[in-house]
Protein chains: 2
Amino acid sequence: MDYSAILKNIAKHITLDEKEAACFTSLLSYREVKKKESILQEGQLCRNISYVHSGVLRAYYLDKEGNENSIMFAIDDWWVTDIYSFATGNPAVMHIDALENSGIFQLQKDDLDRLFGQVPKFERFFRIIMQNSYIREQLRSIQNLSLSAEERYLNFSQKYPDFMQRVSQKQVASYLGMTPEFLSVIRSKLRKPSE
Amino acid sequence: MDYSAILKNIAKHITLDEKEAACFTSLLSYREVKKKESILQEGQLCRNISYVHSGVLRAYYLDKEGNENSIMFAIDDWWVTDIYSFATGNPAVMHIDALENSGIFQLQKDDLDRLFGQVPKFERFFRIIMQNSYIREQLRSIQNLSLSAEERYLNFSQKYPDFMQRVSQKQVASYLGMTPEFLSVIRSKLRKPSE
DNA sequence: CGTCTATTTGAATGTACTCAAAAGCGGTGG
DNA sequence: CCACCGCTTTTGAGTACATTCAAATAGACG
């Protein structure tokens, strides 16, 4: 099994010796997820956190009209989970599934809790992951509230050019809080700015 | 100095012995902040994190039209900082000031980093704080995008009844991403649902 | 090839905004 | 203690941004 990418991801924030790295990798289970396959559905308990080794996952929730609202996309080298369910033990509010055939490493909550006891450095690692996630979501809240649909789209496509390649327009629209029709209008306006 | 409230806050997530508690409180500096007084302005470096012992603080940022957009309110027993500036060392994007005369405990980033080395349990504490903040902001993003202005208002007033008492309508409106005029219309509609 | 879904385009509609003016409220100074 | 000033809240008319619904076109997948 190829642990190099995930260990490199960990090494961005903490330094592990060989034994600690072995302890960590022993807890990981690798899983292949086919395109459109789900790894979490609303109402289930989310007991694990996933590291995306290859491919793309999407988290979304269904509103009362039954529309899919994208919460986040996770491509190679991202971590993803229903953090609410994971942290509180309450039923998941979101769905997570694969947009492409993907390879992920999963870490069970119980194992992670034990790992925190054995190698406290991991508390630090996940503190930083959570901190960065918080910063990202706070920025997103701010921009949702203060920018127009067009500005949100331009912003997103600059910040996450990789997502634009691999995620459908409909899903981008739902991430940005607008209808797919309106995103299409925005894009056509941007294509011919002269008229 | 009365450390009971902040120690009780810490005790929600980790257990400290006397020595650790003393080590922690020795790093705190208490500060009185008068109504309308600022503790952080855009462009400054945010080198500390604040625990609100009494009173109310508000974080907001100025958009390009010069409007104040509220990012968060922090009343008694909340933690607040410009997490982006605090974590990255980049200039602050937000302003933080007091809505009432308030008493806060501040912890310097340098001291906190040393504390993490001395008492690793604090990594855990702040992991949980960051995790909860992430959950809160993620929920906020979702609701901003999928709920109408009226639903956002109803939601907010249910979830944070304390804020409604202590924060002006204009500031609530800016937190919810609507104009104060429109919030006023919503409230008047809710007052007389019959007509 | 045929089916299903995504994207584009357009017309009608609605939600929320802008601008303006009046009323309410709180703080400050005479 | 009252009067005034500035800011918040209310109300209303006109407008703009974004949605809904519908239909045509394009793409993806088996």
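This is a short talk on how two protein chains and two DNA strands meet in one model.

Hi everyone, thanks for coming. Please keep in mind that the model on the screen is predicted.

Let's begin with the two protein chains. Chain B puts 26 residues into its contact with chain A, and chain A puts in 26 residues as well. Which parts of chain B do that work? Strand β5, residues 68-75, helix α3, residues 83-88, and helix α5, residues 121-146, each give two or more residues to the side of chain B that touches chain A. The largest share of that side belongs to α5(B), with 17 residues. If you care about chemistry, the side of chain B facing this contact has twelve nonpolar, eight polar and six charged residues.

Now let's move to a helix pair inside chain B. Helix α6, residues 149-159, and helix α9, residues 180-191, have axes that come within 10 Å, with a crossing angle of roughly 75°. The two helices α6(B) and α9(B) are therefore roughly perpendicular to each other. On the α6(B) side, the contact is made by B:Ala149, B:Glu150 and B:Tyr153, and on the α9(B) side by B:Phe182, B:Leu183 and B:Ile186. By class, that contact has five nonpolar residues, one charged residue and no polar ones.

Next, the DNA, starting with strand C. How many residues surround DNA strand C? There are 16, and the closest are A:Gln169, A:Lys170, A:Ser184, A:Ser188 and B:Phe182. You may remember B:Phe182 from the helix contact a moment ago, where B:Phe182 sits on the α9(B) side. The elements giving two or more residues to the surface near strand C are α8, residues 169-176, and α9 of chain A, together with α6 and α9 of chain B. Here α9(A) brings the largest share, six residues. By class, the surface near strand C has five nonpolar, six polar and five charged residues.

And what about DNA strand D? Of the 16 residues around strand D, those that come nearest are A:Phe182, B:Gln169, B:Lys170, B:Ser184 and B:Ser188. At least two residues of the surface near strand D come from each of α6, residues 149-159, and α9, residues 180-191, of chain A, and α8, residues 169-176, and α9 of chain B. This time the largest share, six residues, comes from α9(B). The surface near strand D divides into five nonpolar, six polar and five charged residues.

That's my tour, and I'm happy to go back to any of these views.

Methods: Residues are numbered from 1 along each chain as its sequence is written. Chains are lettered from A and ligands numbered from 1 in the order in which they are written. This is a predicted model: local features need pLDDT of at least 70, side-chain atom pairs count only at pLDDT 80 or more; totals for chains, interfaces and linings use all residues. Axes are lines fitted to C-alpha atoms, for helices over the stretch in contact, and angles run from 0 to 180 degrees between N-to-C directions. Helices (H or I, at least four residues) and strands (E, at least two) are DSSP runs, numbered from the N terminus. Angles under 35 degrees count as roughly parallel, over 145 as roughly antiparallel, 65 to 115 as roughly perpendicular and the rest as oblique. Two residues are in contact if their C-beta atoms, placed from the backbone, lie within 7 Å. Ala, Val, Leu, Ile, Met, Phe, Trp, Tyr, Cys and Pro count as nonpolar, Asp, Glu, Lys and Arg as charged, and the others, Gly among them, as polar. A residue is near a molecule or strand if its C-beta atom, placed from the backbone, lies within 6 Å of it.
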